[in-house]
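Welcome, and thanks for taking a look at this one. Here is a short briefing to read alongside the coordinates.

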Amino acid sequence: MKTTISIIKADVGSLAGHHIVPEPLLEIGRENLRAAQEKALINSFYVFNAGDDLELLMVHQKGERNEEIHALAWDTFQKAANKAKELKLYGAGQDLLKTAFSGNIRGMGPGIAEMEIEERRSDPIVVFAADKTSAGSFNYPIFRIFADPSSTAGLVIDPGLSTGFKFEVLDTKQNRKVVLKSPEEMYELIALLGNSNRYSASRVWRARDDLSCAVTSTTKLSLIAGKYVGKDDPVAIVRGQHGLPAVGEVLVPFLHTYIVEGWMRGSHWGPLMPVGLSDSKCTAFDGPPRMVAIGFQVSNGGIASHRDGTPLIADLFDDPAFDMARREAQDIAAMLRRMGEFQPARLSEESMEYTTLPQVLEKLQNRFKPA
Ligand code: F6R
Ligand code: MG
Ligand code: MG
């Protein structure tokens, strides 16, 4: 029997602006998933937030793209959105872009990453969830984890990894994908992934046996809605150890900050700040963009748990080891904000297409004369 890890998320309303999911919505998430667990639809769950995004982590045996699992997530988001409306929370129902569920949550607004695995003797998993940023923000760490020998020592030292990895890269503009093999095609891989605005690393497999080792959500909300409705705030699942990058190698790219798209009004470059769950909120200039990392062990179709069924969860960025990245993020945030709305602090014109900026510029159209 195979085990599936599904992380499905949506912004259905938040407290005091776009900054955090308040407790009553998290509680609805837990109640709904607990009921599904009692009915044996899912085996384990963990509900948490990445800033204003409600994150439903579910482990089950129904496979990827399962209608019942997707309907469960959709139903949970709807219930939470109703509560958000009742409380007049901000942006209630924001990411629920379609009215009726039609079998698959993909393309309806929520973000999703799913991985079906054959459980190994022991299977450590890291789930990443980010707020105020876009799908391409995983390109840099995914590249470093699975392709960069200066980051993942195992690529050099462990014969289990040294045959390399295969990357599926999604072209979000033309809705097409390509698979590239590292190390042989590493330069081409960087050529694509370096353009994080257009290309996203969507899946990774170990080359020697096609073992699934990473998957990210790659939705572009603006491409579904046709206008700015919040950034994509992506999630990712990464599998570690024993012939894969160690969990420590999965986390080491986050020792330093790096710059991603998103932040205020989804319109700025900003430093990604890895944080523990207690700092998973976006404040200054609606940010800076933040990422949490949840570690757990998959066990017999579920998550290894306490005796009462509560999953054993490691809050991996809740650690002074990432203080330096946080400090760097603060410095870079201050530096970029000092530039105001001058590029490159603000995104390029093309990326601003779906924001409210074109409405502002519209009124100048008739005043332009040939130069
Ligand atoms: C970014 C985000 C926020 C909002 C900003 C303005 O993804 O959600 O930065 O864009 O707070 O929000 P509105 O237009 O709702 O006042
Ligand atoms: Mg929001
Ligand atoms: Mg968000």
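Let's begin with two aspartates: Asp11 and Asp52 are both buried. Keep in mind as you browse that this is a predicted model. The two residues lead straight to the metal ions, and from there we can move on to ligand 1 and a pair of loop residues.

**Magnesium ions**

- The magnesium ion (ligand 2) takes its donors from Asp11 (OD), His18 (ND1) and Asp52 (OD), with distances of 1.9 to 2.3 Å.
- Along the chain, the donors of this ion (ligand 2) are spaced as D-x6-H-x33-D.
- Asp52 also serves as a bridge between the magnesium ion (ligand 2) and the magnesium ion (ligand 3), and these two ions are 4.9 Å apart.
- Asp11 sits in the loop between strand S1 (3-10) and helix H1 (23-38), while Asp52 sits in the loop between strand S2 (44-50) and strand S3 (53-60), so the pair ties together parts that are 41 residues apart in sequence.

**Ligand 1 and its surroundings**

- The residues around ligand 1 are His18, Tyr90, Lys132, Tyr228, Gly230, Lys231, Trp263, Met264, Arg265, Gly266 and Asp286.
- By class, this shell contains 4 nonpolar, 3 polar and 4 charged residues.
- His18, which is a donor to the magnesium ion (ligand 2), also has a polar side-chain atom 3.2 Å from an oxygen atom of ligand 1.
- For Tyr90, a polar side-chain atom lies 2.8 Å from an oxygen atom of ligand 1.
- In the side chain of Asp286, an N or O atom is 2.5 Å from an oxygen atom of ligand 1.
- On its own, ligand 1 has 410 Å² of accessible area, and the protein covers 74% of that.

**Two loop residues to look up**

- Glu185 is found in the loop between strand S7 (176-182) and helix H5 (186-193).
- Is Glu185 buried or exposed? Neither label fits: with a relative accessibility of 29%, Glu185 counts as partly exposed.
- Leaving aside residues up to four places away in sequence, Glu185 touches Val179 and Leu180.
- Measuring from C-alpha to C-alpha in the model, Glu185 and Phe167 are 10.0 Å apart in space, and they are 18 residues apart in sequence.
- Gly309 belongs to the loop between strand S15 (302-303) and strand S16 (314-315).
- Gly309 has 36% relative accessibility and counts as partly exposed.
- Gly309 and Asn43 are 266 residues apart along the chain, and their C-alpha atoms are separated by 9.7 Å.

Note on methods:
Residues numbered from 1 in each chain as written. Chains lettered and ligands numbered in written order. Predicted model: local features only at pLDDT ≥ 70, side-chain atom pairs only at ≥ 80, totals over all residues. Heavy atoms only, no water. Near = heavy atom within 4 Å. Polar contact = N/O pair within 3.5 Å; in protein donor to acceptor, adjacent residues only side chain to side chain. Areas by Shrake-Rupley, 256 points an atom, 1.4 Å probe, with all protein chains shown as cover. Nonpolar A, V, L, I, M, F, W, Y, C, P; charged D, E, K, R; others polar. Donors = N, O, S within 2.8 Å, 3.2 Å for Na, K, Ca; no water. Helix = DSSP H or I, 4+ residues; strand = E, 2+ residues; numbered from the N terminus. Buried < 20%, exposed > 50% of the residue type's maximum accessible area, 1.4 Å probe, protein only. Contact = heavy atoms within 4.5 Å.
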